[in-house]
Amino acid sequence: MAPDATGALPASRTEPDGSAVVRVLSYNIRSMRDDEDALARVISACAPDVVLVQEAPRFFRWRKHAARLAAKSGLVVLSGGATAAGPLLLCSLRATVERTEDVLLPLTPGLHRRGLATAVVRFGAARLGLVSCHLSLRADERYAQAGLVLDRVAALGTPYAIVAGDLNEKPGGRAYTRLTGTLRDGWEAAPRGGEHTWTPADPHQRIDAVLATPGVEFLGCGVPPDLDPADLTAATDHLPVLAAVRLPAPAPAPDPVV
């Protein structure tokens with residue numbers, strides 16, 4: 001059995017009023033070029049309900065690679081992959097899926113194509129929008145993409161949304177600040193575990209994050225402290241970010257006036 005990496009984060013649950021505690025994992029997997037079994041063990045040990053992946057396989061037989069990783073991790077593929085230029089969404093069977101959409105962002109000539117994997121899911125009575133992103137290495141394009149991410153969040157039309165990914169920028173940068181002007185940073189709201197996500201061998205920068213709209217309650221967010229260090233260094237060149245969030249149930253509809 002894989003080691004328990006949940007630390008003090010709450011387990012997933014649906015409460016009697018329909019509110020839900022959901023475990024959200026963000027992870028850059030470097031196109032699965034490293035140790036795939038170690039990668040699957042890390043994901044499984046985090047016990048996520050949803051995984052917002054960056055740098056999923058994009059080329060030959062990419063769907064088979066994504067499906068195999070999902071199966072090894074006890075999850076299913078939700079959306080994304082090559083059709084979103086790398087971002088991918090995985091989920092457990094706990095999620096009820098309403099819709100998915102892969103979005104390609106404008107291409108700057110000479111730079112890597114970027115995109116978003118998006119979905120609307122339900123946990124208990126709560127509807128949740130998801131956006132997995134991997135922002136540009138170039139500052140001006142990254143700033144523009146942050147605005148497009150916020151536009152996509154607004155277009156989801158859900159009471160709650162989570163954006164997670166490799167932002168390629170530390171807190172305080174222009175793109176990061178643009179995002180956190182609207183979204184809450186999970187690490188800032190409820191730090192739990194490690195802060196720095198790059199690199200596994202020498203963690204010294206926080207460039208990966210889980211962000212959420214107002215109303216999402218962060219119960220803890222950070223790099224899980226109890227993961228196998230050997231698996232972390234073998235799996236990919238980033239560390240995972242795990243958050244537990246609480247999604248309040250929607251207020252009941254008022255009685256009709258007769």
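These are my notebook entries on what I looked up in this structure.

**Ground rules**

I am working with a predicted model, in which local features need pLDDT of at least 70 and side-chain atom pairs count only at pLDDT 80 or more, while totals for chains, interfaces and linings use all residues. I number residues from 1 along each chain as its sequence is written, and I take side-chain values from heavy atoms, with hydrogens and water left out.

**Entry 1: cysteines**

How many disulfides does a search of the whole structure find? I found zero disulfides in the whole structure, where a disulfide is a pair of cysteine sulfur atoms within 2.5 Å. I then looked up individual cysteines. Cys-46 is in no disulfide, and its nearest cysteine sulfur belongs to Cys-221, 12 Å away. Cys-133 is in no disulfide either, and its nearest cysteine sulfur is that of Cys-221, at 14 Å.

Are Cys-46 and Cys-133 buried or exposed? I use the cut-offs as follows: buried means under 20% relative accessible area, exposed means over 50%, and partly exposed is in between, with a 1.4 Å probe and protein chains only. Cys-46 has a relative accessible area of 0%, so I note it as buried. Cys-133 has 0% relative accessibility, so I enter it as buried.

I also looked at Cys-91, which lies in strand β5, residues 88-91. For helices and strands I follow DSSP runs, numbered from the N terminus: a helix is H or I with at least four residues, and a strand is E with at least two. Cys-91 is at 3% relative accessibility and therefore counts as buried. From Cys-91 to Arg-13 there are 78 residues along the chain, and their C-alpha atoms are separated by 15 Å.

**Entry 2: backbone in the loops**

Next I checked the backbone. Which peptide bond is cis? The bond from Trp-198 to Thr-199 is cis, with omega near 0°. I place Thr-199 in the loop between α5 (186-189) and β11 (208-212).

I then noted two residues with positive phi. Met-32 has a phi of about 55° although it is not a glycine. I find Met-32 in the loop between β2 (20-28) and α1 (36-46). Its relative accessible area is 12%, so Met-32 is buried.

Asn-168 is not a glycine, yet it has a positive phi of about 55°. Asn-168 sits in the loop between β9 (160-166) and α4 (174-180). Why does Asn-168 count as buried? Asn-168 counts as buried because its relative accessibility is 17%.

**Entry 3: rings and charges**

I looked for aromatic pairs across the whole structure and found zero. Rings of Phe, Tyr and Trp (its six-membered ring) pair if their centres lie within 6.5 Å; planes under 30 degrees apart count as stacked, over 60 as edge-to-face and the rest as tilted.

Which ring does the charged end of Arg-174 sit over? The charged end of Arg-174 sits over the ring of Tyr-143, 3.9 Å from its centre. The charged end of Arg-178 sits over the ring of Tyr-143 as well, 4.3 Å from the centre. My test for this is NZ of Lys or CZ of Arg within 6 Å of the ring centre and within 35 degrees of the ring normal.

I also looked up Thr-177, which lies in helix α4. The C-alpha atoms of Thr-177 and Tyr-143 are 9.3 Å apart, with their positions 34 residues apart in sequence. Thr-177 has a relative accessible area of 43%, so I note it as partly exposed.

**Entry 4: helices α1 and α2**

At what angle do α1 and α2 pack? I read an angle of about 50° between α1 and α2 (residues 62-72), with the axes 8 Å apart. Axes are lines fitted to C-alpha atoms, for helices over the stretch in contact, and angles run from 0 to 180 degrees between N-to-C directions. α1 and α2 are therefore oblique to each other. Angles under 35 degrees count as roughly parallel, over 145 as roughly antiparallel, 65 to 115 as roughly perpendicular and the rest as oblique.

Ala-38 is in helix α1, and at 0% relative accessibility I count Ala-38 as buried. The C-alpha atoms of Ala-38 and Ala-70 are separated by 13 Å, and the two residues are 32 apart along the chain.
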